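Notebook open, coordinates loaded. I want to go through the charged pairs first, then look at the nonpolar packing.

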Amino acid sequence: MNIQWQITALILSFVLIVGCTSPAKEAEPEKKKTEIPEPAETVEGMLKEGPGKYAGKNYDEQKVNQYIKKLPKDLSAEEYYKHLVYLLAENYEKEVEDLDHFDTSFVVDRETPDDPEAKEAPKQKPLNVTILLDASGSMAGTVDGGVKMDLAKAAIKRFASSLPSHAQVSLRVYGHQGSNQEKDKAKSCASTEEVYPRSAYSEKKFNQALDQFKPTGWTPIAKGMEEAYQDLK
């Protein structure tokens with residue numbers, strides 16, 4: 001057998017061996033474990049942590065129940081809450097944007113009383129305004145522009161001073177009692193008070209009522225809003 005036949009035989013043997021070898025199985029990609037983010041602890045964070053997987057129009061009761069049934073039975077209440085936020089946190093992006101760009105200015109589009117051609121102004125409708133101040137501990141935090149509490153007070157003063165003279169205004173505060181510690185949570189979450197009873201705006205009295213508060217306790221915003229509704233009602 002000459003050298004050419006020897007080479008040919010070796011090549012054929014190699015082809016047969018390779019052809020009969022089972023291809024190696026490709027490793028299946030590992031399923032990535034979904035990381036559940038920690039839920040927000042402040043109002044600002046809660047407004048921005050949505051939307052959840054099944055929030056709003058994507059809500060599917062059956063899928064939510066299936067998800068919950070697969071959770072470990074020994075989860076703490078805090079862990080369950082974290083998963084519920086991940087599933088159901090609402091999207092408040094539009095509302096936050098509207099609040100951030102809320103214009104408190106007034107435009108007078110009628111003739112002034114000293115205009116000789118002015119017609120008799122129509123009778124003014126009653127205008128009742130209730131202002132809510134968050135005095136919880138989170139208001140000690142800072143954002144672009146300064147301390148949250150200082151910015152809130154400045155905005156309230158601008159708004160109240162720009163109201164028409166016939167407006168009846170009140171100021172209600174919440175989260176101003178106790179502290180932001182766990183031992184004072186119940187007391188703080190029950191604290192809301194009308195500190196400037198609804199009446200005509202008096203700059204001095206209104207600012208005195210407003211300036212006495214510092215960032216203090218927890219954030220009973222729902223209770224504050226309910227009481228404000230009763231004030232207006």
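I searched the whole structure for salt bridges and got seven. Note to self: this is a predicted model.

First pair I pulled up: Lys82 and Glu79, whose side chains meet in a salt bridge at 3.5 Å, N to O. Both sit in helix H4 (residues 77-88), and because they are three residues apart, about one helical turn separates them. I checked burial too: Lys82 is buried at 10% relative accessible area, while Glu79 is partly exposed at 30%. I also found that Glu38 joins Glu79 and Lys82 in a network of salt bridges.

Next, Arg172 with Asp231, where the closest N and O atoms are 2.8 Å apart. Arg172 is in strand S4 and Asp231 in helix H9 (residues 221-232), so this salt bridge ties together parts 59 residues apart in sequence. Arg172 is buried at 7%, and Asp231 is buried at 15%.

Then I stayed in helix H9 for Glu227 and Lys223, which are four residues apart, about one turn. Their salt bridge comes out at 4.0 Å, N to O. Glu227 is partly exposed at 28%, and so is Lys223 at 31%.

Last, the packing. Which residues touch the most other members of the largest nonpolar core? I get Ile131, Leu133, Val169, Leu171 and Phe206, out of 19 residues in that core. Strands S1 (128-134), S4 (168-174) and S5 (192-200), plus helices H6 (148-161) and H8 (203-211), each supply at least two of its residues. I listed contacts for Val169, leaving out residues up to four places away in sequence: among them are Val129, Ile131, Leu163, Tyr196 and Phe206.

Key
Residues are numbered from 1 along each chain as its sequence is written. This is a predicted model: local features need pLDDT of at least 70, side-chain atom pairs count only at pLDDT 80 or more; totals for chains, interfaces and linings use all residues. Side-chain values use heavy atoms; hydrogens and water are left out. A nonpolar core is a set of buried Ala, Val, Leu, Ile, Met, Phe, Trp, Tyr and Cys residues joined through side-chain atoms within 4.5 Å. Buried means under 20% relative accessible area, exposed over 50%, partly exposed in between (1.4 Å probe, protein chains only). Contact means heavy atoms within 4.5 Å.
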